[in-house]
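Hi,

Here is the structure I promised to pass on to you. Have a look at it first, and then read on for my notes.

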Amino acid sequence: MRDDGYLHFMFVHKDCQGQGIATRLLSLVESHARGLGVRLITSEVSITARPFFESRGYAVKAEQKAHARHLYLTNYRMENNL
C-alpha cells in the first residue's frame, strides 16, 4: 500500500485461498493505513477478488476495461473509508 492509501496489489495463491490469509493481510494493511492517517483505501481488483473486498466493506466506484496485449480484462476500482 502506498502512503496515499492506494493498495497496489494483494494476492493469495489459489491453493491457500479460503484459509483467512487475505482477511488477515487486509486487516494488517488497514491497521497500517490508520497509523499513517489514511482515511480512504483505494484499489483496482479483479472479478474474482471483488466479492472478497465487497464483503469487507469496499464499494465499487467504477468498472474498468484494462487492455493487455490483445485482451481486454475487466477489473473494478474500489474504495473503503476507514
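One term before we start: two strands are said to pair if DSSP finds at least two bridges between them. With that in mind, find Leu-7, which stands opposite Ser-43 in S2. S1, residues 6–7, and S2, residues 40–46, pair in the parallel sense over two bridges. Between these strands the chain passes through H1, and the β-α-β crossover from S1 to S2 is right-handed.

Please keep in mind that this is a predicted model.

What else does S2 pair with? Seven bridges join S2 to strand S4, residues 71–81, and these two strands run antiparallel. Ser-43 appears here as well, since the residue standing opposite it in S4 is Met-78. So when you look at Ser-43, you will find Leu-7 opposite it and also Met-78 of S4.

S2 has two faces. Ile-41, Ser-43 and Val-45 make up the covered face, while Leu-40, Thr-42, Glu-44 and Ser-46 form the uncovered one.

Now for the chain as a whole. How many helices and strands does the protein chain have? Its secondary structure comes to two helices and four strands. Starting at the N terminus, the order of the elements is β-α-β-α-β-β. The radius of gyration is 13 Å, close to the 12 Å that the globule rule gives for 82 residues, so the chain is as compact as a globular protein of that length. Its C-alpha trace spans about 40 × 30 × 20 Å along the principal axes. Of the 82 residues, 28% count as buried.

Finally, the pocket. The largest pocket has a volume of about 610 Å³. It is lined by 24 residues, and the closest to its centre are Met-10, Phe-11, Ser-46, Ala-49 and Phe-53. Strand S1, helix H1 (21–36), strand S2 and helix H2 (50–55) are the elements that each give two or more residues to this lining. Which element gives the largest share of the lining? That is S2, with four residues. By class, the lining has 13 nonpolar, ten polar and one charged residues.

If you would like one place to start, try S2: this strand pairs with S1, is joined to S4 by seven bridges and provides the largest share of the pocket lining.

Happy exploring, and best wishes!

Definitions and conventions. Residues are numbered from 1 along each chain as its sequence is written. This is a predicted model: local features need pLDDT of at least 70, side-chain atom pairs count only at pLDDT 80 or more; totals for chains, interfaces and linings use all residues. Side-chain values use heavy atoms; hydrogens and water are left out. On a 1 Å grid over the protein atoms alone, a cavity is a set of points where a 1.4 Å probe fits but cannot get out, and a pocket is an open set with protein on both sides within 12 Å along at least five of seven lines; lining residues have an atom within 4 Å of a point. Grid points are joined across faces, edges and corners, and a volume is the space filled by probe spheres set on the points. Ala, Val, Leu, Ile, Met, Phe, Trp, Tyr, Cys and Pro count as nonpolar, Asp, Glu, Lys and Arg as charged, and the others, Gly among them, as polar. Buried means under 20% relative accessible area, exposed over 50%, partly exposed in between (1.4 Å probe, protein chains only). A crossover is right-handed if, with the strands pointing away from the viewer, the path from the first strand over the helix to the second runs clockwise. The radius of gyration is taken over C-alpha atoms; the globule rule is 2.2 Å times the number of residues to the power 0.38.
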